[in-house]
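Student: I should like to examine this protein chain with you, one question at a time. Where shall we begin?

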Amino acid sequence: TSLAPAHPFSLPANSNNDDFRCFVLDPKITATTYLTGTFVKPGNKTIVHHALIFSVPAGATIPPPDDPNVPDQYQCFGSANVSGQQLVGIWAPGGQPWVYPDGVAHPIDPGTKFIMQVHYHPHANADFSPDTTTFEYSTTTQKPTWTVAALLAGNFTDPVDANGVGL
């Protein structure tokens, strides 16, 4: 399955500033499903530096859009800035699709939305054409034996958190 923002994003021409943009993607999930693989397909490869994909629970408060005419995106830094968000995918140039082994998946509840945070990095050879990066994923309805949780390594104040999760 592939999800794309309803509106492409354009960095201002000749921009010198990095931009972190969050795109709200609705997979329209109506029954518990299990994520078995993820991939981000960059649109404008000259300015897409990396991307993070978060799942956010149904009913979560998502920050308002920067522009009311573009309701599916907002500026963000560090995360999607949504309570209850869970990291489910990461991509950087050269990244390959993540496909979990049989019996391993990430549960996705009905009403869950995905937020794709894209870091845009302008540079001397950047093409400022609109970006149409997409999030591709696979699912199953079969409950897995093991659940997976994606974590970013680094920036920890303690090597192990209160739940025993960490490095």
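Tutor: Let us begin with a term: strands, labelled E, are DSSP runs of at least two residues, numbered from the N terminus. The model before us is predicted. In it, Asn81 lies in the loop between strand E5 (73–75) and E6.

Student: How many helices and how many strands does the protein chain have?

Tutor: Along the sequence, the pattern is β-β-β-β-β-β-β-β-β-β-β. The count for the protein chain is therefore zero helices, under the DSSP rule of at least four residues, and the number of strands is 11.

Student: What radius of gyration does the protein chain have, and what would a compact globule have?

Tutor: The C-alpha atoms fill a box of roughly 50 × 35 × 30 Å along the principal axes. For 167 residues, a compact globule would have a radius of gyration near 15 Å, which agrees with the protein chain's value of 16 Å.

Student: What share of the contacts with a separation of 6 or more joins residues 24 or more positions apart?

Tutor: Contact here means heavy atoms within 4.5 Å. One pair of this kind is Thr141 and Thr33, which touch. Over the protein chain, the share from residues 24 or more positions apart is 84%.

Student: What percentage of the residues counts as buried?

Tutor: The cut-off for buried is under 20% relative accessible area. The protein chain exposes about 9,400 Å², of which carbon and sulfur atoms supply 53%. Of its 167 residues, the buried share is 40%.

Student: Which strand supplies the largest share of the largest nonpolar core?

Tutor: Nonpolar side chains tend to be buried together in soluble globular proteins. The largest nonpolar core here has 22 residues, and those with the most contacts inside it include Val40, Phe114, Met116, Val118 and Tyr120. At least two residues of this core come from each of E2 (19–25), E3 (33–41), E4 (48–56), E6 (86–91), E9 (113–120) and E10. The largest share, four residues, comes from E9.

Student: How many residues does the other core have?

Tutor: This other core lies apart from the largest one. Among its members are Cys22, Phe54, Tyr74 and Val82, and its residue count is 12.

Student: Is Asp19 buried or exposed?

Tutor: Asp19 is placed in strand E2. Beyond its neighbours up to four places away in sequence, Asp19 touches Phe9, Leu11, Gln75, Val118, His119 and Tyr120; Tyr120 in turn touches residues including Arg21, Phe23 and Asp131. Because its relative accessible area is 10%, Asp19 is buried.

Student: Is Thr141 buried or exposed?

Tutor: Thr141 is found in the loop between E10 (134–140) and E11 (146–147). Its contacts beyond four places in sequence are Thr33 and Tyr34, and its C-alpha atom is separated by 9.0 Å from that of Leu35, 106 residues away along the chain. Since its relative accessibility is 67%, Thr141 counts as exposed.

Student: Which residues does Ala92 contact, leaving aside neighbours within four places in sequence?

Tutor: Ala92 has its place in the loop between E6 and E7 (98–99). With a relative accessible area of 35%, Ala92 is partly exposed. Its contacts are His49 and His50.

Student: What separates the C-alpha atoms of Asp127 and Pro57 in space?

Tutor: Asp127 is found in the loop between E9 and E10, and at 36% relative accessibility it counts as partly exposed. Leaving aside neighbours within four places, Asp127 is in contact with Asn44, Thr46 and Ile47. Pro57 is 70 residues away from Asp127 along the chain, and their C-alpha separation is 35 Å.

Student: What is the phi of Lys28?

Tutor: Most residues other than glycine have a negative phi. Lys28 is found in the loop between E2 and E3 and is exposed, with a relative accessible area of 63%. Although Lys28 is not a glycine, its phi is positive, at about 55°.

Student: What is the phi of Asn81?

Tutor: Asn81, in the loop between E5 and E6, counts as partly exposed at 42% relative accessibility. Asn81 is not a glycine, yet its phi is positive, at about 60°.

How values were computed:
Residues are numbered from 1 along each chain as its sequence is written. This is a predicted model: local features need pLDDT of at least 70, side-chain atom pairs count only at pLDDT 80 or more; totals for chains, interfaces and linings use all residues. Side-chain values use heavy atoms; hydrogens and water are left out. The radius of gyration is taken over C-alpha atoms; the globule rule is 2.2 Å times the number of residues to the power 0.38. Buried means under 20% relative accessible area, exposed over 50%, partly exposed in between (1.4 Å probe, protein chains only). Accessible areas come from the Shrake-Rupley method with a 1.4 Å probe; for residues, only the protein chains shown count as cover. A nonpolar core is a set of buried Ala, Val, Leu, Ile, Met, Phe, Trp, Tyr and Cys residues joined through side-chain atoms within 4.5 Å.
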